Amino acid sequence: MPTVKKSNGVGRVFLIGFSGSGKSTVGPLLAQKLGYSFIDTDESVARKERMSIPEIFAEKGERYFRRLEEAAIRAAVAKSRRAVISLGGGALLRSNVRRLVQQEGTVVYLSCSAREVHRRLQTATDRPLLLNKGPRSERIAALVTARRPIYVRVADVIVSTTRHTPKVVAATIISKLGRLADAH
Ligand code: S3P
């Protein structure tokens, strides 16, 4: 089993990528394989606020959510060095978060085509950024195009999930992390 390490010696793995790219299905599998804990920061925010993410967006707004999201990511980092931490698709919009994840662990970008994201999220009602914003396929395509360069820039490792099962994706990540650790 490879120990996940950057030169800073920290074992955390951050999963980044657009909604529907597989972070919350791949994350627990990956954590299990590594013997790490799994933290989903969207879930941490919702639990702490006792509100769903769409409710937080509707009642308090996106800026408020982004502040909570950053706090939840910082709390996850403080909690464990051996954890797979799944971030919401927009978390890297904050430069503080980009810096934090690059410093505190290995960043894995789960890349998925806009078309496949649309197929997976066709009927989802829990993604506020996709609700009532015009045709969903166009909205997804625009957001994926805008965000992909940020994900790519921050990532240490990129794995496509478009045509792969969560099990295969988790195994691919493990093998790429092993190679990364060997290189240090
Ligand atoms: C968001 C993605 C969501 C959640 C919130 C905002 C975004 O997380 O954090 O609805 O800005 O893309 P998932 O990526 O887990 O869907």
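**Group meeting: the ligand shell and one salt bridge**

Let me start with the helix that matters for the shell count. H4 gives the most to the shell around the ligand, with 3 residues. A reminder before going on: this is a predicted model.

H4 spans 62-79, and helix H3, 53-60, joins it: each supplies at least two residues of the shell.

Now the shell itself. There are 15 residues around the ligand. Which of them come nearest? Ser-19, Lys-23, Arg-66, Arg-127 and Arg-147. By class, the shell splits into 6 charged, 5 nonpolar and 4 polar residues.

Next, the polar contacts. I have three for you, each from a ligand oxygen to a side-chain N or O atom. Take Lys-23 first. Its side chain has an N or O atom 2.5 Å from an oxygen atom of the ligand. For Ser-19, the distance from a side-chain N or O atom to a ligand oxygen is 2.6 Å. For Asp-42, it is 2.7 Å. How much of the ligand does the protein cover? On its own, the ligand has 390 Å² of accessible area, and the protein covers 92% of that.

And where does the ligand sit? In the largest pocket.

Let me move away from the ligand, to salt bridges. The count comes to 9. Here is one of them. Lys-60 pairs with Glu-49, and their closest N and O atoms are 3.6 Å apart. This pair links distant parts of the chain. Lys-60 belongs to helix H3, while Glu-49 belongs to helix H2, residues 41-49. The two are 11 residues apart. Remember H3 from earlier: that helix also supplies at least two residues of the ligand shell.

To recap. The ligand is in the largest pocket. The protein covers 92% of its accessible area. H4 is the top contributor to the shell. And Lys-60 to Glu-49 ties H3 to H2 by a salt bridge.

How values were computed
Residues numbered from 1 in each chain as written. Predicted model: local features only at pLDDT ≥ 70, side-chain atom pairs only at ≥ 80, totals over all residues. Heavy atoms only, no water. Near = heavy atom within 4 Å. Polar contact = N/O pair within 3.5 Å; in protein donor to acceptor, adjacent residues only side chain to side chain. Areas by Shrake-Rupley, 256 points an atom, 1.4 Å probe, with all protein chains shown as cover. 1 Å grid on protein atoms, 1.4 Å probe; cavity = no way out; pocket = protein on both sides within 12 Å on 5 of 7 lines; lining within 4 Å. Sits in = over half its atoms within 2 Å of the grid points. Helix = DSSP H or I, 4+ residues; strand = E, 2+ residues; numbered from the N terminus. Nonpolar A, V, L, I, M, F, W, Y, C, P; charged D, E, K, R; others polar. Salt bridge = Lys/Arg side-chain N within 4 Å of Asp/Glu carboxyl O.
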